[in-house]
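Good morning, colleagues. Please look at the structure on the screen while I describe a pair of strands and then some charged side chains.

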Amino acid sequence: MKAILASILLLLIGTTACSHEKPLINETNEELLMLLSNSEFETVYEDYFSEELKENLSIPQLSDLWEELTLALGAFAGAADYLESDGGSGNTVVETQLSFSNGHAESRMIFNEKTELIALSFEIGDLLPDSIVEEPVIIGEGGPFELEGMLTLPTKVDSPFPAIVIVHGSGPSDRDGTAYAYKPYKDLAWGLAENGIAVLRYDKRSLIYPESFDASVTIHEETIEDAIAAGSLLDQDERISSVYLVGHSLGGMVAPRALAQSDIFAGMVSLAGSLRSLPDIIQDQNIYFHEIGHLTDEEMNDAMADFIKSENLDELEDSDILFGMPAKYFKDLEAFDDHSFLENTHKPILIMQGEDDFQVTASEDFLSWSEALRHHPDAETKLYPGLNHMFIHYEGPGQGTLDEYLIPGKVEKKVIQDLSNWLLSRERKE
């Protein structure tokens with residue numbers, strides 16, 4: 001059942017802060033950092049790497065990775081502020097703040113159930129481009145579900161300027177959209193701000209208040225309510241000229257509903273979203289992972305049983321469980337008529353999709369948008385060859401599986417530039 005539960009989170013894999021019965025994880029993390037600082041790369045490789053990581057990261061590459069850090073930041077001085085979180089499928093993520101003689105960085109290590117290292121990345125901190133600035137904000141301040149967020153602003157263009165709210169995909173997720181070695185929302189925020197667009201991103205409610213999620217929760221409480229609150233915060237900022245909603249994955253799927261519910265948003269962008277039903281997408285994901293050997297026959301049979309039940313949602317009790325979620329959640333998603341809304345709205349819409357996305361596909365999901373928007377007066381669709389669900393290019397071992405996300409990568413610059421151009425061109429039309 002674990003794999004089936006994970007499949008619903010494939011729309012956007014997030015990490016959730018929690019405790020583990022793995023007391024050696026942080027100790028292993030410390031040992032690894034000490035070995036790296038002493039240039040004992042062969043020991044790290046032989047004694048700590050999983051077989052999969054050995055295929056993806058050689059000893060010379062590991063040496064180069066650490067050397068890049070020390071060349072940029074000086075000698076290693078120590079580590080602090082460990083953050084342990086759930087990486088899904090029995091994996092554990094450990095993020096650590098590293099100090100060097102001339103700066104700081106963050107290490108991100110992912111361990112499997114055997115406490116073997118399956119992913120390793122470093123990110124140099126405190127290198128915010130000169131052309132942008134970041135301000136901490138609170139979404140829903142004074143309410144029951146306050147959420148910390150970050151507003152990224154351009155500094156080299158005069159205000160007012162357009163702004164976007166980034167809306168998360170499914171599952172618990174932080175403001176950066178952290179998915180294993182990726183931080184796509186941070187990439188978008190910095191890239192768009194450098195092009196003169198403000199970006200608001202925030203921690204998702206299900207990450208910060210997991211205890212509030214029960215069988216009564218719908219997409220409104222999970223996603224839309226906070227997206228509208230974020231938009232309202234921007235709408236009250238005199239530096240902002242207009243506010244657009246940019247939804248990723250499940251956030252892109254429900255973007256039409258958010259646009260319908262709030263006049264704050266001037267338009268919407270769907271990144272790797274879909275107009276198909278969520279059970280259909282989950283079922284296709286399960287079939288795909290079964291075909292490549294990532295789901296057992298038993299798990300596939302359980303998933304098929306849930307899918308068959310989902311075809312008659314009205315006959316289910318709200319509390320009945322499908323794919324690890326209450327039936328009410330799926331009923332609520334089905335209640336909104338996306339196609340009718342898209343036929344009647346004149347607000348600008350942009351659809352962006354990676355052609356190598358194995359979670360939502362170009363043949364099914366991108367096509368569904370293209371057909372629904374064929375008569376819309378101000379809609380564009382863009383398909384990007386070679387990019388995955390996070391709009392990152394990857395070729396190598398594990399391509400077409402979740403292993404892609406273990407290798408550090410950045411959102412493609414062309415995606416950021418195209419999105420910037422689209423937003424700024426809408427601004428000039430107003």
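**Strands and salt bridges**

Arg205 has a relative accessibility of 4% and therefore counts as buried. Please keep in mind that this is a predicted model.

Which residue does Arg205 pair with? Its partner in a salt bridge is Asp226, and the closest N and O atoms are 2.9 Å apart. This pair links distant parts of the chain, since Arg205 belongs to helix α7 (residues 205–208) and Asp226 to helix α8 (residues 219–235), 21 residues apart. Is Asp226 buried or exposed? Asp226 has a relative accessibility of 6%, so it counts as buried. As a general remark, side chains of opposite charge can pair when their charged atoms come close.

Let me turn to another pair. Asp284 forms a salt bridge with Arg276, and here the closest N and O atoms are 2.9 Å apart. The relative accessible area of Arg276 is 18%, under the 20% limit, and Arg276 is therefore buried. Asp284, at 34% relative accessibility, counts as partly exposed, because that class lies between 20% and 50%.

How many salt bridges does the structure hold? The total is 24. Some of these share partners, and in this way Glu95, Glu106, Arg108, Glu134, Asp176, Lys183 and Arg201 are joined into one network.

Within that network, I would draw your attention to Lys183 and Asp176, whose side chains meet in a salt bridge with an N to O distance of 4.0 Å. Lys183 counts as buried because its relative accessibility is 12%. Asp176 has a relative accessibility of 13%, so it counts as buried.

Another member of the network, Arg108, brings us to the strands. Arg108 stands opposite Ser121, a residue of β5. Strand β4 covers residues 103–111 and runs antiparallel to β5, with seven bridges joining the two.

How much of strand β5 is covered? Strand β5 spans residues 117–124, and six of its eight residues are buried, which leaves the strand mostly covered. In general terms, the side chains of a regular strand alternate between the two faces of the sheet.

Finally, what lies between the two strands of this hairpin? Five residues separate β4 and β5, and in this hairpin Thr115 takes a positive phi near 60°.

To close, I would ask you to return to Arg108, which stands opposite Ser121 in β5 and also belongs to the salt-bridge network with Asp176 and Lys183, among others. Thank you for your attention.

Note on methods. Residues numbered from 1 in each chain as written. Predicted model: local features only at pLDDT ≥ 70, side-chain atom pairs only at ≥ 80, totals over all residues. Heavy atoms only, no water. Buried < 20%, exposed > 50% of the residue type's maximum accessible area, 1.4 Å probe, protein only. Helix = DSSP H or I, 4+ residues; strand = E, 2+ residues; numbered from the N terminus. Pairing = 2+ DSSP bridges.
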